[in-house]
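Trainee: Please take me through one part of this model closely. I would like the sheet in the first domain of the first chain, and how that part sits in the whole.

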Amino acid sequence: MSVLVDGGTRVVVQGITGHQGTVHTRGMKEFGTNVVAGVTPGKAGGQVEGVPVYDSVREAVRAGGANASAIFVPAPFAKDALLEAVDAGIRLCVVVTEHIPFHDMLVMYHYARAHGARIIGPNCPGIAAPGKAKVGIIPNVVFRPGRIGVISRSGTLTYEIVNGIKEMGLGQSTCIGLGGDPVVGTSFVDALPLFEADPETDVLVLVGEIGGTAEEDAAEYIHGHFSKPVVAYIAGRSAPPGKRMGHAGAIISRGRGTAETKLAALQKAGARVARFPYEIPGLVAELAAQHAHR
Amino acid sequence: MVKLAEWRGKELFRTYGIPLPTGQVARSPAEAEATVTSGRVPLPCVVKAQVLAGGRGKGGAVRFATTAAEARAAAEAILALEFKGEKVREVLLEGKVAIARELYVSLTLDRSARLPVLITSARGGVEIEAVDDAEIDRQWVDPFPGLTAYARRHAAKVLGLAGPTARALDDLLAKLWTIFQAEDAELVEINPLAVVGDGLVALDAKVIIEDDAAFRHPQYAAIQDDRTPLEEIAREKEIAFVQLDGNIGVIANGAGLTMATLDVLKEFGGSPGVFLDLGGTDDPKKVTEAFLLMAQAHPKAVFLNIFGGVTRCDTVAKGLVEAMGQVPASERFPLVARIRGNNEALGIEILRAAGIASVPDLKASAQAVVAAAEGRP
């Protein structure tokens, strides 16, 4: 068992004939993922990286039994692509596309939720369980099967950190890049129970960023409901203030949302805090060793 | 994001039928005087600097006039101001209204709730951050039904409005919701919303439009009220570029890695001056453009920190070598490179052939660039 994806994951790639769709279809296949179909409206009948292309997700599901979608379609069409996947019965949708307007994402999120579907992203690297399946774009080279879970709001910083864990001689159970947009389909709080329930995860690494209050919410959840050791890192401690959504945004997050408030909340919840990315692997190794002794 | 100046926000409000004072924009003292003498702006009137920063009232950027000559003088004084670093280019002249009460209303996004939120307060006219939480009402709005009639009735009750004024609020909130969605706004805020007689008048307008929705709203593309010239060039090239006060240039890919890089540089006494987020690219030309842009900001040293995923290390290395060849000798800067991830070995080899070393360790590379910026070996 891993989190959300495993050997039974059958992926349809929406936007497979585009440059990114093609490149990452190859990457997912090289990872060992069962990519069963691609979709690009009007391009049915062709093949990309040996994967048959269909006009619609419904046809891809019927022909290939797809049960997860990787969405690469450009932002103006991403909302429609997601709605199509949900309507075709897909219950795990990884939206890699960046720059989707948040008003679109609000519709996507609430529609998916009403239909029992989960979105990871948008603007995210996706999910990967080494040795099983990858839905998304995280580079294969950083992985190695193991027992460390990773959830992160970042993209490349996640790769950096996952790679650091590998170079420490450890491996990962499942890694989820949640995406850094204002509205995400899966938040830390949504992902934490999945790792709590995953018997293959011993230690969890949580990588946050300044802005919003997702890390504070995560800290609250960890305090009462998460029993596994957590290593937390927040990027942007030294970033200049500003870049926030005017006055109304400030009153929503009153007294929360800075690196200090996030780190304090996570520390209070029992997480070990790394001040820099290069401190993470050492802390993870320490906690993993303690876990092995229990 | 595109922050609209008050007058632009009000023009938008006008097209949706939100009640406003009678007003006109002017760009010179003579124009200001003419708005009054022509009767387009009634007397007495208020003259307001059109800047994005708040706190205009206290900063001398809002004045009153009872004659055309006074309006001219007020405009002249305000147009000469530099308000919190912003040069004042326009003033808005508006007829004064008889304010009975000042209210606050806004619509924005609550990221944690993943829902828009309608915020109202009977304590308008002051900065909303200063208002006690108990006096602020929040109603979350599901995008599917939208802002419901009962939510609008609740808002009227919270604000202490009844009869025709409550009906005016109902109409105004319905329009505000339409604007919020149709214009892809991050924020629409009216503070103060004045009670005038039986009706309501929006005395201020704060509207922020989301950049990502630009493909639906080409009309906002030309508005660049709050960007530096280099930031503007970067935007056109789809490179995230922010200028700060320090002297070290940082080129990284991805917001998280960029921020983590700044954190590490600060730890070792460095002072990042410009940061540039390449994002995901496999186009060497974009890397070259990023470097040339960086050179224009005249950094003391540059730190290139890339973890390749979508972006391949060899692509970055090629772009970098090309750029270093184009930067004139007088504008050269010391460079510390750290490229990891996808096609790492290939990238490192390309850099080495051009005489550039890649330092794999984040800590060591950060220390090296701080030393280079201080002129140490």
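Mentor: One definition to begin: a residue is buried if 20 or more other C-beta atoms lie within 10 Å of its own, with C-beta atoms placed from the backbone. By that count, 59% of the 294 residues of chain A are buried. Keep in mind that this is a predicted model.

First, the setting. Chain A holds 10 helices and 14 strands. Its C-alpha trace spans about 55 × 50 × 30 Å along the principal axes. The radius of gyration of chain A is 19 Å, which agrees with the value near 19 Å for a compact globule of 294 residues. Take the contacts in chain A between residues at least 6 apart in sequence: 73% of them join residues at least 24 apart.

The domain assignment splits chain A into domain 1 (10-120) and domain 2 (126-293).

Now the sheet. It is open, has seven strands and shows mixed pairing. The order in chain A is β3-β4-β2-β1-β5-β6-β7. β3 (47-48) and β7 (118-120) of chain A are the edge strands. Each has a single partner strand, so one side of each lacks a neighbour in the sheet.

Look next at one pair inside that order. Strands of a sheet pair through backbone hydrogen bonds, either parallel or antiparallel. Strand β2 (residues 34-39) of chain A and strand β4 (residues 51-54) of chain A take the parallel sense. Two bridges join them. To find one on the model, start at A:V39, whose bridge partner in β4(A) is A:Y54.

A helix covers part of this region. Helix α1 (residues 19-31) of chain A lies across β1 (10-14), β2, β3 and β4 of chain A. Its direction is at about 165° to β2(A).

That helix also appears at the boundary with the other domain. The centres of domain 1 and domain 2 of chain A, taken over C-alpha atoms, are 26 Å apart. Domain 1 of chain A gives 20 residues to the contact, and domain 2 of chain A gives 16 residues. On the domain 1 side, the elements with two or more residues there are α1, β5 (68-71), α4 (102-114) and β7 of chain A. The residues of that side divide into 14 nonpolar, four polar and two charged.

So β7 of chain A comes up twice: as an edge strand of the sheet, and among the elements that touch domain 2 of chain A.

Technical notes: Residues are numbered from 1 along each chain as its sequence is written. Chains are lettered from A and ligands numbered from 1 in the order in which they are written. This is a predicted model: local features need pLDDT of at least 70, side-chain atom pairs count only at pLDDT 80 or more; totals for chains, interfaces and linings use all residues. Two strands pair if DSSP finds at least two bridges between them. Helices (H or I, at least four residues) and strands (E, at least two) are DSSP runs, numbered from the N terminus. Two residues are in contact if their C-beta atoms, placed from the backbone, lie within 7 Å. Axes are lines fitted to C-alpha atoms, for helices over the stretch in contact, and angles run from 0 to 180 degrees between N-to-C directions. Domain bounds come from an automatic or database domain assignment. Ala, Val, Leu, Ile, Met, Phe, Trp, Tyr, Cys and Pro count as nonpolar, Asp, Glu, Lys and Arg as charged, and the others, Gly among them, as polar. The radius of gyration is taken over C-alpha atoms; the globule rule is 2.2 Å times the number of residues to the power 0.38. A residue is buried if 20 or more other C-beta atoms lie within 10 Å of its own, exposed if 12 or fewer, and partly exposed in between; C-beta atoms are placed from the backbone.
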